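Me: Could you take me through one loop of this model closely, and then work outward from there to the contacts and packing elsewhere in the chain? Please give the cut-off behind each term as you use it.

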Amino acid sequence: MSHNSTHKRSSFTGSIGFVMAAAGSAVGLGNIWRFPYLAAKNGGGTFIFVYIILALTFGFALLTTEIAIGRKTKQGPLTAYGVLNKKFACTGLFAWLVPVIILPYYCTIGGWVLKYLFAYITGDGMNAAADGYFTGHITSQWSPIIWLVIYLGMTAFVVFSGVNKGIEKYSKIIMPILIVLILGISFFSLTLNHTDAEGVTRTGLEGLKIYLIPSFAGMTLKGFFSLLMDAVGQLFFSISVAMGIMVAYGSYVKDDVNLMKSINQIEFFDTLVAMLAGLMIIPAVFTFMGAEGMSAGPGLMFVSLPKVFEAMGSIGIFIGILFFLMVTFAAVTSSVSVLEAIVSGIMDKWKFSRKKSTALATAYALVVGIIVCLGYNIFYFEYELPNGSVAQILDIMDFLSNNIMMPIVAILTCILIGWIAKPQTIIDEVTKNNNPFGRKALYIAMIKFITPVFLVILLLQSLGIFYKAK
């Protein structure tokens, strides 16, 4: 199994660095703009309860599998699967292509975040709340490209610096700040109150109730199934599985690290941040915009929230700066991991140096990222996706990577580990140095039967086979 190139492979200095980097990867835009919306849509506490159970079963099985594959093979995603079984080399290619598709558009959105952060810092924050500001920005020709270049530069700088001097070092600084910022804004959210034009007064604490207290009102079996699939989908995108990232990060974990302990910590951080994002956003949006204010995706972050900050008055500018700073941190730690998954693949497959691999991947992301930016002006078109939504270039890439490729990679991973290489492969890796594997029976059941079934349903749903989004 050992390759003669392993001695050149760098590694995380300890488990804290690994956990912070992996949690940083898992905590990204999805936690901030999808989780609060899905929780609000699916009866608040009910959704959170289901999400946590899924994180401890479904999420745990996939996360454990990928990190263990990485550490066992000491390879990036492109080559790791082939090491376990030659017939599954194509799975490695798919797993590596996911970050290749994601990186350019993720960095484009990262550029939008920077643009807003800059607007709030320079006192232009109030204009950011105006109708048409967001559309005006993304459809303008040069501004999104300039911000993309700056954002991609930040991401490339961290990966260029290496595993411990780059990824680990910055994750250890950024993640604690991110948690503190998100906690601060959450507490502030709960203190809000606002009386609207009709004379109705709403408070942040009422919003908190809507968010946390399960509501089973009108919950049908179909409704519960839809909630379950929303939760599976959110978790799947949220914990960074099926995109080669956890395989790459796992390959930098030293053999003496207790994997189970680290995986529990990553799950904890990811769920904590997703829940805090809801705690920060739902009470604030509810207070100023009522229950109707929640929207998914970019609309929440770039349209609804600036309006909320504006309604807060002068403190809103300060909160806006903190919020977009926090989002920048969340986005950068994720795009770093996406770039690293690509870079580690190139390094392992073609034996290029880190600097050359990073330069290649960054150049590619720049070219495709510019095309994504131009997708809102020069290359604008409308295309209907199988799930019924209307898409531009960015949405098509997102759909392809998240809704098609990722479930396929994860299903193939379940087949490889559950049925061909056998779950014992992963169990042996996790129990190295006599470390206990607490949920072993659960793991075997999840990886062989339950997880692949969930994923097949998720894939069919993406392809519009179950129902079209209205």
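Reply:
**The loop and its surroundings**

Pro-436 sits in the loop that runs between helix 19 (424-430) and helix 20, where a helix is a DSSP run of H or I with at least four residues, numbered from the N terminus. The model is a predicted one, in which local features need pLDDT of at least 70 and side-chain atom pairs count only at pLDDT 80 or more, while totals for chains, interfaces and linings use all residues. Residues are numbered from 1 along each chain as its sequence is written, and side-chain values use heavy atoms, with hydrogens and water left out.

Pro-436 has a relative accessibility of 59% and therefore counts as exposed; the scale calls a residue buried under 20% relative accessible area, exposed over 50% and partly exposed in between, with a 1.4 Å probe and protein chains only. Its C-alpha atom is separated by 35 Å from that of Ser-401, and the two residues are 35 positions apart along the chain.

Asn-434 belongs to the loop between helix 19 and helix 20 as well, and with a relative accessible area of 75% it is exposed. Its backbone deserves attention, since Asn-434 has a positive phi of about 55° although it is not a glycine. Most residues other than glycine have a negative phi. Another positive value, near 65°, is found at Ser-240, in the loop between helix 12 (221-238) and helix 13 (245-250). Whereas Asn-434 is exposed, Ser-240 is buried, with a relative accessible area of 4%.

Beyond the loop, helix 20 (440-462) and helix 18 (393-420) each supply at least two residues of a nonpolar patch on the surface. The patch consists of Ile-415, Trp-419, Ile-420, Phe-449 and Ile-450, which together have about 450 Å² of accessible area, a quantity that comes from the Shrake-Rupley method with a 1.4 Å probe, and for residues only the protein chains shown count as cover. Patch members must have over 30% relative accessible area and no salt bridge, with nonpolar side chains (Val, Leu, Ile, Met, Phe, Trp, Tyr) joined within 5 Å and like charges within 9 Å. Helix 18 contributes the largest share, three residues, while Ile-450 has its place in helix 20 and, at 38% relative accessibility, counts as partly exposed.

The charged contacts can be followed next. The structure holds twelve salt bridges, each being a side-chain nitrogen of Lys or Arg within 4 Å of a carboxyl oxygen of Asp or Glu. Arg-71, Lys-74, Asp-255, Glu-429 and Lys-432 are linked in a network of such bridges.

Asp-348 pairs with Arg-9, with the closest N and O atoms 2.7 Å apart. This pair links distant parts of the chain, as Asp-348 lies in helix 16 (residues 314-350) and Arg-9 in the segment before helix 1 (15-26), 339 residues apart. Asp-348 counts as buried at 10% relative accessibility, and Arg-9 is buried too, with a relative accessible area of 18%.

Glu-340 bridges to Arg-354 with the closest N and O atoms 2.8 Å apart, and this pair, too, links distant parts of the chain, from helix 16 to helix 17 (residues 354-374), across 14 residues. Glu-340 is buried at a relative accessible area of 0%, and Arg-354 counts as buried at 13%.

In the bridge between Glu-168 and Lys-172 the closest N and O atoms are 3.7 Å apart, and because the two residues are four positions apart in helix 10 (residues 163-190), about one helical turn separates them. Here the partners differ in exposure: Glu-168 counts as buried at 3% relative accessibility, whereas Lys-172 counts as partly exposed at 40%.

Helix packing completes the picture. The axes of helix 9 (residues 143-160) and helix 17 come within 10 Å and cross at roughly 160°, where axes are lines fitted to C-alpha atoms, for helices over the stretch in contact, and angles run from 0 to 180 degrees between N-to-C directions. That makes helix 9 roughly antiparallel to helix 17, given that angles under 35 degrees count as roughly parallel, over 145 as roughly antiparallel, 65 to 115 as roughly perpendicular and the rest as oblique. The axes of helix 11 (residues 204-212) and helix 14 (residues 259-289) come within 8 Å and cross at roughly 130°, and these helices are therefore oblique to each other.
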